[in-house]
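Thanks for coming. I will go through one structure, piece by piece, and stop for questions at the end of each part.

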Amino acid sequence: MGRDQRMRQALELLLTELRTRIDRHPWAHLIADRNERVALELALPLTDHEGQMLQAVAKIDRELQQALESILAHRAAFQPGKVFCLRCGRADCGHGAPVDARHVFTGLSPTGQPRFADLGQWLLERQDPRVDQLYDESAPPLACVVSAEELTGSLLPSFRDGATGFRLHGEVVAGWFRLPDPRGRPSALAVSLPIISSQPRGSRRRFGLNVLGAGPAGESLEHLYDRLGAIPWTGPVRWAQSVLDQIERSSGRRRGSGPLPQRRIEGLLGGLARRLQRGERARQRRTVHAQQRHIEGDRPTRMALADLARAGEEDLLFDRRRKTLIVLGERGRAHVFSPAGRLVTSVRYAPAAIERKRQLGIWLKASPRQVEVLRRTLAAD
Ligand SMILES: [Zn+2]
């Protein structure tokens with residue numbers, strides 16, 4: 001037997017052993033047809049002393065088992081589209097995925113069960129002042145970073161970690177993405193992008209970025225991808241995964257429990273949120289330009305002037321964030337003026353959206369001075 005043949009035979013024997021162990025494992029289906037590699041550290045004794053040989057065999061046995069457990073545990077903890085449910089110890093128990101297209105992942109219950117909520121409702125409860133953006137069809141999607149503490153803060157100690165060393169490192173939730181449903185009608189949906197990691201005992205920590213969401217009318221995300229081809233968050237998600245791979249590589253050089261690269265992950269989440277918002281903002285600018293062309297440049301339209309003329313005190317508002325003046329007309333018509341009296345845009349809002357902006361204090365009553373300046377500027381035009 002030649003040298004190459006002997007080495008090949010040795011490798012094949014090890015592989016046979018590994019495959020046998022995989023086949024007997026209850027989580028084996030998770031790595032079927034996956035491109036995984038197992039790295040082993042071999043220590044070969046040069047003497048044929050029986051005791052040393054036994055030690056070497058025991059070491060390879062441990063190495064094989066740990067490598068296998070590590071891959072399987074990571075795959076069990078990380079299943080695309082599902083959060084690992086610490087209560088059930090698996091991701092496919094039915095608790096791990098949103099059932100509604102508008103739902104986002106909001107964290108783990110005290111016993112480790114994933115929770116989901118309507119993005120709009122959840123932002124209202126957090127008193128996020130940007131909630132009105134959600135209901136403004138011309139606004140870009142909103143992206144929000146949720147910290148690891150917020151996701152897992154109420155988890156009871158006895159439900160933490162477990163055999164997989166599962167951790168949630170924070171997430172980005174974003175919405176609404178307005179995508180066509182199977183009949184072509186625009187439908188609002190939200191997406192959650194949590195970063196998780198797993199680390200079974202004795203092996204390195206592995207990271208993954210998950211994508212959680214449901215399509216319109218109960219459609220799965222896989223279906224949605226198939227149907228639409230391009231999904232607005234694909235680019236940002238690819239970018240985030242590549243950064244995460246770098247983070248994993250640099251933290252993986254240390255075996256065992258080095259400090260978690262939480263700082264870098266927080267930076268990554270911020271970058272992901274910015275990218276999700278920026279990607280759509282380009283489209284938003286075009287929309288505003290189109291609206292401006294439609295209303296003949298930035299000279300106030302007759303409709304805007306007429307609405308201003310008949311506006312009562314209640315209909316004259318100041319947008320605290322954008323520093324603009326709002327003139328409300330009939331049926332949700334709203335004209336947005338710059339402080340210099342230029343018409344920025346005219347849009348239509350649902351009554352509920354107007355009410356929300358008032359309630360959240362985003363739109364305040366305009367001061368008599370602001371109204372006077374606006375009226376005077378427009379009269380001089
Ligand atoms: Zn469960």
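A word on names before we start: helices and strands here are DSSP runs, helices of at least four residues and strands of at least two, numbered from the N terminus. With that, R331 can be placed: R331 sits in the loop between β8 (324-328) and β9. I will come back to that loop.

Keep in mind that this is a predicted model. The average pLDDT for the protein is 83, and 89% of the residues score at least 70. Residues 280-298 are the stretch to be careful with, as the pLDDT there is below 50. In the model this stretch still has 20 contacts beyond near neighbours in sequence. Where pLDDT is low, predicted coordinates should not be read in detail.

Now the beginning of the chain. Helix α1 covers residues 3-24, which is 22 residues. How far apart should the end C-alpha atoms of α1 be? At 1.5 Å a residue the helix should span 32 Å, and the end C-alpha atoms are 32 Å apart, so the two agree. As for cover, α1 has hardly any: the count of buried residues in it is 0.

Strand β1, residues 103-108, is another matter. Is β1 enclosed or open? A residue is called buried if 20 or more other C-beta atoms lie within 10 Å of its own. In β1, 6 of the 6 residues are buried, so the strand is largely enclosed by the rest of the structure. β1 pairs with strand β2, residues 114-118, in the antiparallel sense over 5 bridges. One of the bridge pairs is F105 with F116 in β2. The hairpin of these strands has 5 residues between them, and there G112 takes a positive phi near 90°.

Next, the sheets. Strands of a sheet pair through backbone hydrogen bonds, either parallel or antiparallel.

One open sheet has 4 strands in the order β3-β4-β5-β6, with antiparallel pairing. Which strands stand at its edges? They are β3 (142-146) and β6 (206-209); each has a single partner strand, so one side of each is left without a neighbour in the sheet. Direction ignored, neighbouring strands of this sheet are turned by 10° against each other on average. Strand β5, residues 186-198, is joined to β6 by 4 bridges, and I196 has G208 in β6 as its bridge partner. Strand β4, residues 167-180, contains W176. The peptide bond between G175 and W176 is cis, with omega about -20°.

Another open sheet has 5 strands, ordered β10-β9-β8-β7-β11, and the pairing is antiparallel. At the edges are β10 (343-348) and β11 (363-365), each pairing on one side only. From one strand to the next, the twist averages 30°. Strand β9, residues 333-337, pairs with β10 over 5 bridges, and R333 has R348 in β10 as its bridge partner.

That brings us back to R331. Its phi is positive, about 45°, although R331 is not a glycine. R331 counts as exposed, with 8 other C-beta atoms within 10 Å.

Where else is there a positive phi in a residue other than glycine? One case is Q127, with phi near 55°. Q127 is in the loop between α3 (119-125) and α4 (131-135). Because Q127 has 8 C-beta neighbours inside 10 Å, this residue counts as exposed.

That is the last part. Questions, please.

Definitions and conventions. Residues are numbered from 1 along each chain as its sequence is written. This is a predicted model: local features need pLDDT of at least 70, side-chain atom pairs count only at pLDDT 80 or more; totals for chains, interfaces and linings use all residues. The expected span of a helix is 1.5 Å times one less than its number of residues. A residue is buried if 20 or more other C-beta atoms lie within 10 Å of its own, exposed if 12 or fewer, and partly exposed in between; C-beta atoms are placed from the backbone. Two strands pair if DSSP finds at least two bridges between them. Axes are lines fitted to C-alpha atoms, for helices over the stretch in contact, and angles run from 0 to 180 degrees between N-to-C directions. pLDDT is the predictor's confidence in each residue, from 0 to 100. Two residues are in contact if their C-beta atoms, placed from the backbone, lie within 7 Å.
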